[in-house]
Every structure is written in structure tokens, then in C-alpha cells.
Amino acid sequence: MNNVMRVGIAGLGTVGASVIRLLRRQSEALRARTGRQIEVVAVSARDRKLDRRIDLEGLEWFDDPVRMAETAEIDLFVELMGGDEGAARKSVEAALLRGKGVVTANKALLAKHGMALAALAESSKAPLAFEASVAGGIPIVKTLREGLAGNRIERVYGILNGTCNYILSRMEEEGLSFEECLKEAQRLGYAEADPTFDIGGFDTAHKLSILTSLAFGTQVDAQAIHIEGIQSITLADLESAEELGYRIKLLGVAQRTPSGIEQRVHPTMVPLSSSIAQVMGVTNAVTVDADAVKELTLVGPGAGGDATASAVVADIADVAKGIRSAPFGLPVASLAKPGHPEMREHQGGYYVRLSVEDRPGAAAAIATRLAERKISLESIMQKAPGASRHGGKPGEPVPVVLITYATTEASIREALDAAMGDGYIAAKPQVIRIERE
Ligand code: NAP
Ligand code: HSE
């Protein structure tokens with residue numbers, strides 16, 4: 001192995017610029033830890049004139065990242081541009097085809113093309129590493145792939161999107177609007193170029209698809225994920241959740257069921273007493289339930305330049321040391337299909353917020369519809385008109401909030417459809433699943 005590893009970095013935005021700074025700051029330590037000099041020799045971005053507050057003097061500039069991936073001047077290609085097609089896909093393929101290692105933080109690319117890229121890496125005998133693609137600075141990829149190799153995993157779940165957790169935390173703590181909090185998250189460099197990926201739950205789903213593959217030895221299958229974002233969450237929901245002893249988090253959950261691996265992303269009620277409820281701001285948390293280790297939770301910064309650079313540089317150091325793991329823990333041909341359980345089969349408790357006409361018989365009618373499907377209530381809260389900090393005038397429908405014991409998704413949906421038909425419910429019910437530790 002040559003004593004110098006020459007690195008080309010495509011993408012000089014929030015993450016790319018932080019990676020260059022970190023490699024420079026830790027240059028001596030990295031040499032001691034890997035036995036090699038890691039040198040950034042080439043970079044690529046769209047706008048050559050942009051001041052990125054990093055010294056690019058002496059580095060070869062490529063307008064086209066594919067050309068950089070192909071050049072014999074680099075040993076390792078680091079993809080930090082984003083996007084599941086175009087430049088990101090073409091350049092990663094070009095590097096792997098030439099037997100060059102690839103490090104990427106691009107979960108969208110891996111969620112869509114992870115299997116094909118892993119197969120290409122396998123046939124080229126080139127490393128493909130992506131620690132930064134899930135949960136920013138938390139080393140969850142390595143933990144699942146190497147650290148928990150002796151376990152049978154039953155469930156992996158967590159807060160996988162820093163932007164959403166930041167928004168929900170700020171709304172709850174400061175009473176700020178959704179839009180204000182999103183703007184802050186964008187300014188801080190947490191959000192994706194298109195923030196719909198964050199708030200719509202798609203980014204969490206991309207990450208969950210990678211975790212599912214690593215945890216259960218299955219093919220990456222992002223299409224199988226049930227996805228709901230946080231756009232519908234209101235201050236009234238956050239307020240009611242707290243009053244009932246819960247907090248709302250956007251969770252990604254993958255768990256074994258008799259019909260396969262259930263994969264879902266949605267706003268979730270977690271008990272206020274749970275450790276995941278304490279995770280606020282841009283922080284992420286991933287919990288693994290497994291036979292030997294029982295329960296393991298990793299908590300850390302989920303987004304932002306420095307935290308993500310920490311994970312990218314860890315991968316670069318592994319490549320420098322000559323470490324080449326099967327990207328998803330097993331040879332691609334050995335990865336099983338994860339199955340596709342229907343959401344209707346999902347079992348758990350539910351939070352339901354109803355806007356109910358304030359007249360006799362309303363509560364009894366709703367209770368009857370729930371009882372018909374054998375749905376039992378843990379708690380019920382009806383507020384007087386105008387009692388909520390967030391609206392309601394006398395004469396208007398009143399908010400009624402229910403927490404159910406475990407039931408099925410099919411039962412709760414059928415009960416609510418029937419209750420809607422009774423004419424007491426004034427608006428589409430807000431339904432949020434409950435997840436317990
Ligand atoms: P960003 O700030 O938008 O930076 C993207 C960079 O890619 C920019 O420098 C841009 O060039 C360059 N780029 C885009 N298209 C290009 C093309 N066709 N050719 C050459 N360069 C191109 O994005 P980021 O936040 O650093 O994220 C980068 C990747 O890391 C994404 O995959 C993202 O999902 C992932 N990630 C981000 C975070 C985070 O906290 N931000 C955390 C984990 C993972 P210009 O600067 O010239 O426009
Ligand atoms: N936009 C992502 C987030 C970046 O907010 O979590 C980290 O993957």
C-alpha cells in the first residue's frame with residue numbers, strides 16, 4: 001500500500017467543506033492512526049468562484065465530478081454532492097468501476113441504488129463506505145455491521161432526521177411556528193437541498209432502508225416503507241401529547257413481524273418518561289433491540305457539517321487502513337428480501353385527536369364505534385371550548401383526545417371511518433401511532 005492516499009472530494013457544501021477542514025485539523029492524528037498520509041488532491045463543485053472559506057490552493061479543480069472519479073490522480077473518491085441520480089450516481093459508479101474506493105454521505109443514492117452499487121463494489125473489490133449517510137455523527141452503520149454481528153436483531157428504531165427533531169423541539173419549547181423552525185434548520189445547515197425530503201419523512205425513510213438492510217441482512221427496499229411526514233403536526237398536538245404524558249417524535253422503525261420486516265416512518269407518540277423523548281434539537285438517537293445485547297441506544301448529533309464530517313473521515317480512515325467490509329454486512333447475493341407487511345396489520349396504541357360537535361350523544365357514539373372493534377381506551381380528554389392555548393371559541397367543535405391501548409391499524413381506521421359517518425366529528429381525525437420502549 002502506498003504511504004500516501006490521494007483523495008478527491010466532490011461537493012464542497014456544508015459537509016464537503018467541513019471534511020476538508022477536519023482532515024487538515026486531524027492530519028497528524030490520522031497519519032498515526034492509519035499509518036498513511038491522507039491528502040486531498042482534487043475537488044469538484046459547481047461554482048468555482050464561490051468563497052467557501054477553505055483554502056483550495058494547489059488542489060486540482062474538476063467541473064465534472066465524473067472526470068475526477070475517473071482520474072488516475074486519486075485513490076479514493078468522496079461523494080458529498082447529494083441526489084439519487086445524475087452526477088452523484090454517475091461519479092460513484094465511475095470510481096467503483098475503476099476499482100477506486102468510494103466514501104459517501106448520500107442516503108438518497110443508497111436507498112435507490114444501494115444494491116447495485118454494493119454489487120459493483122464487490123465485483124471491483126473496492127470499498128464502498130457510508131457511515132455518514134445515517135444519523136450524522138453516530139457510528140450506527142459500523143455498530144450494526146460489526147459491533148452487533150453476534151446478535152439477532154428484533155427491532156431498530158429512532159430519530160433519524162435532525163431537521164424534523166429540531167423543528168418539533170423548537171415548536172414545543174418555544175411555541176414557534178413550523179415555518180420559522182424550518183428556516184432556522186436550513187440556516188444551520190441541517191436540511192436537505194430540498195427540505196421536503198426532511199419534513200415529508202423521505203430522508204428518514206432513506207436512512208431506515210439502510211439500517212433495515214444492515215440489521216436484518218435484507219436487501220435495501222425503500223419502496224416497502226410506509227412514510228408520513230411531520231407537516232400535519234400542530235402546536236395543539238404537541239400540547240395535548242404533553243398533557244397526556246407523551247412527546248411527538250418523527251421515528252423510523254423497522255421490526256420483525258410474522259409476515260416480514262415492517263418498515264415505517266411517521267410522527268410517533270413516545271412516553272415522556274422514555275429516553276427517546278429526552279432527545280431534543282438536532283440530536284438523533286437509534287435504539288436496537290437484540291437477543292444478546294438486549295437494548296442499545298446511541299445518541300448524538302444527527303446533522304450539520306462537523307458531525308457529518310466526523311463520520312466521513314472515519315470511513316476515509318478505514319479505507320486508508322485497507323478495511324473493506326461488505327457494504328451491507330453480507331455479500332449482495334446473500335441479502336434476503338425483507339417482505340412487505342401491510343400497514344393495516346400494524347399493532348400498537350394510538351393517539352387520536354377529534355374535533356367533535358359539542359352536543360349530547362357525541363362521546364357515546366364515538367365510544368360505541370371504538371367498542372365495536374374492541375378498542376380499549378387508556379385515556380380520554382375533552383377540552384372546554386376555548387381551553388386550548390391554540391384556538392377554539394364557544395359554540396365551535398371541541399377537541400377530544402383519545403389514547404388507545406394496543407389495537408390494529410385496520411381496527412382504528414375502521415372505527416374512525418364509522419364514527420365520521422355518525423355526524424358528530426367535524427374534521428378529519430388526527431391519528432398518531434404510539435411506540436413504547
Ligand atoms: P450542500 O451544502 O448543498 O452541498 C452540495 C455540494 O455539492 C455543493 O458544493 C455543490 O456545488 C456540489 N454539487 C452539487 N451538484 C454538483 C454537480 N453536479 N457537480 C459538482 N458539484 C456539485 O449539501 P450538504 O448538506 O453538504 O450535503 C451533501 C451530502 O451529504 C448529501 O448527500 C446529504 O444528504 C448528505 N448529508 C448531509 C448532512 C448535513 O447535515 N448537511 C448530513 C448527513 C448527510 P456548489 O457549492 O458549487 O453549488
Ligand atoms: N437533512 C438531514 C437531517 C441531514 O436533517 O437529518 C443529515 O442526514
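**Exercise 1.** Find which residues A224 is in contact with, leaving aside its neighbours within four places in sequence.

*Solution.* Start with the cut-off: contact means heavy atoms within 4.5 Å. With those sequence neighbours set aside, A224 touches Q263, G339 and H340. Next, place the residue: A224 sits in the loop between α10 and β8 (226-227), where helices (H or I, at least four residues) and strands (E, at least two) are DSSP runs numbered from the N terminus. Then check its cover: A224 is buried, with a relative accessible area of 9%. Buried here means under 20% relative accessible area, exposed over 50%, and partly exposed in between (1.4 Å probe, protein chains only). Last, a C-alpha check: A224 and E262 are 38 residues apart along the chain, and their C-alpha atoms are separated by 8.4 Å.

A word on the ground rules: this is a predicted model, where local features need pLDDT of at least 70, side-chain atom pairs count only at pLDDT 80 or more, and totals for chains, interfaces and linings use all residues. Residues are numbered from 1 along each chain as its sequence is written, chains are lettered from A and ligands numbered from 1 in the order in which they are written, and side-chain values use heavy atoms, with hydrogens and water left out.

**Exercise 2.** Work out how the reach of helix α12 compares with the expected span, and whether D318 is buried or exposed.

*Solution.* Take the helix to begin with: α12 (residues 305-321) has 17 residues and spans 24 Å from its first C-alpha to its last, close to the 24 Å expected at 1.5 Å a residue. That expectation is 1.5 Å times one less than the number of residues. Now the surroundings: 13 of the 17 residues of α12 are buried, so the helix is largely enclosed by the rest of the structure. D318 belongs to this helix and is buried, at 9% relative accessible area. Beyond neighbours within four places in sequence, D318 is in contact with K142 and I323. Right after α12 comes G322, with a positive phi near 85°.

**Exercise 3.** Find which side chains put an N or O atom 2.7 Å from ligand 2.

*Solution.* Go atom by atom, using polar contacts (N or O pairs within 3.5 Å). E192 has a side-chain N or O atom 2.7 Å from a nitrogen of ligand 2. D198 likewise brings a polar side-chain atom to 2.7 Å from a ligand nitrogen. For K207, the partner is an oxygen of ligand 2, also at 2.7 Å. Finally, the shell by class: three nonpolar, four polar and five charged residues.

Methods. Polar contact = N/O pair within 3.5 Å; in protein donor to acceptor, adjacent residues only side chain to side chain. Nonpolar A, V, L, I, M, F, W, Y, C, P; charged D, E, K, R; others polar.
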